Amino acid sequence: MLELKDLNSGYDFLQVLWDVSLKVDDGEFVALIGPNGAGKSTTLRTIAGIVQAKSGEVIFDGKPITGEPAHLVSRMGISYVSEALNLFTDMSVRENLLLGAYAVKEREVQLETLEYIFELFPRLEERRDQLTGTMSGGERKMTAIARGMMSNPTLMLVDEPSLGLQPNLTYDVFDALLKLRDQGVTILLVEQNVNATLDITDRAYILEQGRIVMEGPSKEVKADDHVRNAYLGI
Amino acid sequence: MAKEQIAAPKTQEGFTTWLKDNLPVVIVSVFSLALLIAVYIKGGPPQIFNILVTGGMWSLLATGLALVFGVMNIPHFAHGESFMVGAFVGYFVFNPLNQILFENPNPLLKVTAPILAILAAGAVGAVLGVIIERIIFAPLRHRTKQGWVMNAFLLTVGISFVLTNGTTLVLGPNFRGIPRFYDVDAVELAGAFIAVDRIMATAIALVTIALLWFFLRQTRTGRAIRAVSQDETGAQLVGINLDFIHTLTFSLATATAAISGASLLFMFQAYPTVGVTPLYFSWYVVMLVGLGNIAGAIVGGFIVALLQSSTQLFIGLSWQSVVPTVVMILVLVMAPSGLFGSEVKGVQEQ
């Protein structure tokens, strides 16, 4: 479904990613793990088209999408839920969600998806008319994930959903992601909460200093000595 | 349970908090209402109608400014030239039509000629907006966002110079006016006679503002425009094409300014520097209410018109630019982000 081939990327003169290659198959739930500053978010931003790759290829559904502008990448079925969330803070939850389905032109389809999302996240239906700028961190994260789903994406890139959340809310967010996976959505998840992430994902990549240093099924990665030492502190 | 507690506070306490939260709005409303009553007592219905005509015009122009500033972060100082272009287009479309009417009267054309002229101005404005955005702002935006506000400001000043002097070069500095769009008697309204042109100009301004408001609030594209003004990255992530929204916004602003230029042709003649007064007054409005605040710009237009006409009535005609400016300075000293404030994306960090 998604494949990165020798991707080099970064900001102006600062190169962050060095020959990153990774692969996500249909329906897979894949984690991308690494310390701060390793380039996890840059990887997602490059796939989403917000950061331009310096060289290498991003292939989605067999087609190269390197260098496509972000709004076209989004319309191809890749939804990026950014770390900063990028919600429209002066708009209600409902308006945010409807904008998530901006690329869907038929109003009926938009409203149908909205109903479906509200079934999935009843909490958001309660808050439908609240301005997202006045919501709590957990609710905003839910809104961002829900907005990302409104376009019926086939691939979701989720960036640090647990950042700044208290532990029980983190599990709410993870539950939401698992629900998504059960719907058949492919997910590439970037997370700092390594322990929980490796429990729920199928496969994992470890990114350190802009390079992929390890990959494998999450269980094996979790059992690895380096990971246990550096990330799990056991 | 918590909800019930919030819903039923002690009345007095609730009122105090409400007052505290809405203090600027309350002060402005009370002050405006008092002024309005004073104007009505001294000047009667014609003065009130005057406020509606000028207020509608300032509102329409200020809405365009607020839109361009809120969505694109451009302090637009060539907005008056859009007004000027509208006035010229209105003149050059209406005059030949009027000539035809003079030679062979036709009731249908008589009613539609002014509307045709105003619509033509709107269309030319929209096209001009697209051209300016595509060849001037889009390339700059793609090259760099550094120092954007300052660069964009200087560019608009440059555009203003080019348009004003270009018009002088081609058409000369002459004044081209029409005495009136509708050659009919004034209408009696609440004991006062009001020219049909004024009624039409007010109606056009109000209808255009209402349409624009509906467009921004209720349509998919309008919602996308507001989304871009709140978070550009977020907008891109949901599939909104920033280039399209920026061009559309600029085009809308130029078109609305051109419409007001054409519909006020009987008040302002068409000449190369006619845009200066409308430009300054619409800037008063947006600075008074807070940059980028569209709802505020609509209300602010009428507040400035009220200030102008009460100054004219109680102090003297020559003071009508002075008093609104002084009020604006005082407001900015006390509330630097304007009466209703508004957080404008990106200005702080750039």
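**Close-up views of a predicted two-chain model**

**View 1. Strands β9 and β10 of chain A, and the sheet that holds them.** Strand β9 (residues 203-208) of chain A is joined by six bridges to β10(A), and the two run antiparallel; strands here are DSSP runs of E with at least two residues, helices are runs of H or I with at least four residues, and both are numbered from the N terminus. In β10(A), A:Ile212 is the bridge partner of A:Leu207. The model is predicted, with local features needing pLDDT of at least 70 and side-chain atom pairs counting only at pLDDT 80 or more, whereas totals for chains, interfaces and linings use all residues. Residues are numbered from 1 along each chain as its sequence is written, while chains are lettered from A and ligands numbered from 1 in the order in which they are written. The open sheet of six strands follows the order β6-β7-β8-β3-β9-β10 (chain A), with mixed pairing, where two strands pair if DSSP finds at least two bridges between them. Its edge strands are β6 (78-81) and β10 (211-217) of chain A, each pairing on one side only.

**View 2. Helices lying across the six strands.** Helix α7 (residues 167-182) of chain A lies across β3, β7 and β8 of chain A and runs at about 155 degrees to β8(A); axes are lines fitted to C-alpha atoms, for helices over the stretch in contact, and angles run from 0 to 180 degrees between N-to-C directions. Contact between two residues requires that their C-beta atoms, placed from the backbone, lie within 7 Å.

**View 3. The four-stranded sheet of chain A.** Four strands form an open sheet in the order β2-β1-β4-β5 (chain A), and the pairing is antiparallel. Because β2 (14-24) and β5 (63-64) of chain A stand at the edges, each with a single partner strand, one side of each is left without a neighbour in the sheet. Seven bridges connect strand β1 (residues 2-11) of chain A with β2(A), and A:Tyr11 has A:Leu14 as its bridge partner in β2(A).

**View 4. Helix α3 of chain A and its surroundings.** Six of the eight residues of α3(A) are buried, which is to say that 20 or more other C-beta atoms, placed from the backbone, lie within 10 Å of their own. Among the buried residues are A:Val93, A:Asn96 and A:Leu97. The buried residues of α3(A) pack against α4 (107-120), α5 (122-126) and α6 (137-149) of chain A together with α9 (220-230) of chain B.

Terms used: Buried ≥ 20, exposed ≤ 12 C-beta atoms within 10 Å, placed from the backbone.
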